[in-house]
Amino acid sequence: MPDFSPDDAAFERLAESERESSAQSAPSRLKARVFSALQLAQAGSGPLRSVSETMRDGRKLCVFEDLVRIAPIGERIKSWNPCRVCHARILGEAFENPPVFWPNCPYVMFKGPKRS
Amino acid sequence: MRSRGNLPDPATLLTRMVGQQATRPALLADDLKLVEDVLRKDRKATAEFVETYAGAVYAYLRRRLPPRQDLVEDLVQEVFLAAWRSLSQFRGSASLRVWLLGIARHKVEDFYRDRLRQPESYDEDAHRESDAELVMDGHMEGTELEQRVQAILAELPQPYSLVLLWRYWEKRSAREMAAQTGRTEKAIERLLARAREQFKKRWNDA
């Protein structure tokens, strides 16, 4: 039996038309889960970049990261991942469009543009 | 020079093309900067990495896997974790998007290979493909078409949906599939014939 079927063209058209129509947005819950998993993987091989260094690079911190940054604790602690104990992460991983709203939080960013 | 219909005029097209060529190095520089920051374990860069590329990876995997949300999401996560493990090898010869989708493609092929390795019992009557054609409705397109295709793939036994996805969405020949699964080319062709038959039956009956 040859690797050719009279239906090849029709199936190929189906595959092509699906390719053209597919949307490109992932669920916010999935993005949250992937981000959390990446942070765990990163932390597994040593400390994360400290919140102080992140801010010096011009990136904006959320309110909790900023608290960690200004706290009188060592840089080693500032490299710890505060998202691990934050309810934004829990809500972000559990719900689509979670009820979290503070600026510069990745789990808020994953929700996408504000809906009117 | 006037444009024809909805197409911009040639001068505008040329300007756009030149602009795209000029911005391509800038886009790759952005990719390299992002990769550098993710490798430094900057949490904001990592969030930006996920936000920017999760959609493309998700859409790619959704089109190539059985329509099971948990399966697709697990594989999206696997793609990003694999990307993290090999991110230091990214050199910018292609865009970060293309590089990530390359990882996704490998994951998809691993999935197909693992599930199509199992032998099947061969039914002589079942392998004959009927003369019935796939009746395409010219008015159906976009999301409606995608949903119908996904619904039928979900109904098929998994080996059938996977072999169709691998053949027509991933554009692999029966020979390539046979080489990856350890099955004979004839066995793959028989499986494809049965899969096409079952898909056509459901498509034309709907």
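**Exercise 1. Which residues of H4(B) are buried?**

Solution. The model is predicted, so local features need pLDDT of at least 70 and side-chain atom pairs count only at pLDDT 80 or more, while totals for chains, interfaces and linings use all residues. Residues are numbered from 1 along each chain as its sequence is written, chains are lettered from A and ligands numbered from 1 in the order in which they are written, and side-chain values use heavy atoms, with hydrogens and water left out.

Step 1. Locate the helix: H4 of chain B covers residues 96–116 and has 21 residues. Helices (H or I, at least four residues) and strands (E, at least two) are DSSP runs, numbered from the N terminus.

Step 2. Apply the burial cut-offs: buried means under 20% relative accessible area, exposed over 50%, and partly exposed in between (1.4 Å probe, protein chains only).

Step 3. Read off the buried residues: B:Leu96, B:Leu100, B:Leu101, B:Ile103, B:Ala104, B:Lys107, B:Val108, B:Glu109, B:Phe111, B:Tyr112, B:Arg113 and B:Leu116. An α-helix has 3.6 residues a turn, so residues three or four places apart point the same way.

Step 4. Check the length. From its first C-alpha to its last, H4(B) reaches 30 Å, close to the 30 Å expected at 1.5 Å a residue; the expected span is 1.5 Å times one less than the number of residues.

**Exercise 2. Place B:Arg105 within its surroundings.**

Solution.

Step 1. B:Arg105 is found in helix H4 of chain B, and it counts as partly exposed because its relative accessibility is 32%.

Step 2. Contact means heavy atoms within 4.5 Å. Not counting residues up to four places away in sequence, B:Arg105 touches B:Tyr60, B:Glu170 and B:Arg172.

Step 3. B:Leu61 is 44 residues from B:Arg105 in sequence, and their C-alpha atoms are 8.2 Å apart in space.

**Exercise 3. Describe H6(B) and the loop that follows.**

Solution.

Step 1. H6(B) has twelve residues and spans 15 Å between its first and last C-alpha, close to the 16 Å expected at 1.5 Å a residue.

Step 2. Ten of the twelve residues are buried, and the helix is mostly covered. Among them are B:Trp166, B:Arg167, B:Tyr168 and B:Trp169.

Step 3. Just after H6(B), B:Lys171 takes a positive phi of about 60 degrees. This residue lies in the loop between helix H6 (158–169) and helix H7 (174–181) of chain B. It is partly exposed because its relative accessible area is 48%. Most residues other than glycine have a negative phi, and most peptide bonds are trans.

**Exercise 4. Is B:Lys41 buried or exposed, and where is it found?**

Solution.

Step 1. B:Lys41 is found in the loop between helix H1 (10–39) and H2 of chain B.

Step 2. With 9% relative accessibility, B:Lys41 counts as buried.

Step 3. B:Lys41 is not a glycine, yet it has a positive phi of about 65 degrees.

**Exercise 5. Which residues does B:Lys44 contact outside its sequence neighbourhood?**

Solution.

Step 1. B:Lys44 lies in helix H2 (residues 43–64) of chain B and is buried because its relative accessibility is 10%.

Step 2. Leaving aside neighbours within four places in sequence, B:Lys44 is in contact with A:Thr54, A:Arg59, A:Lys60, A:Leu61, A:Cys62, A:Glu65, A:Asn104 and A:Pro106.

**Exercise 6. Characterise the largest cavity.**

Solution.

Step 1. On a 1 Å grid over the protein atoms alone, a cavity is a set of points where a 1.4 Å probe fits but cannot get out; lining residues have an atom within 4 Å of a point. Grid points are joined across faces, edges and corners, and a volume is the space filled by probe spheres set on the points.

Step 2. The count is two cavities of 30 Å³ or more, and the largest has a volume of about 70 Å³.

Step 3. The lining includes A:Cys62, A:Glu65, A:Arg89, A:Trp102 and A:Pro106. Helix H4 (63–70), helix H6 (87–94) and helix H7 (106–109) of chain A each supply at least two lining residues.

Step 4. The lining divides into ten nonpolar, no polar and two charged residues. Here Ala, Val, Leu, Ile, Met, Phe, Trp, Tyr, Cys and Pro count as nonpolar, Asp, Glu, Lys and Arg as charged, and the others, Gly among them, as polar.

**Exercise 7. Summarise chain B.**

Solution.

Step 1. Chain B has eight helices and zero strands.

Step 2. Buried residues make up 48% of its 206 residues.

Step 3. Among contacts in chain B between residues at least 6 apart in sequence, 71% join residues at least 24 apart.

Key:
1 Å grid on protein atoms, 1.4 Å probe; cavity = no way out; pocket = protein on both sides within 12 Å on 5 of 7 lines; lining within 4 Å.
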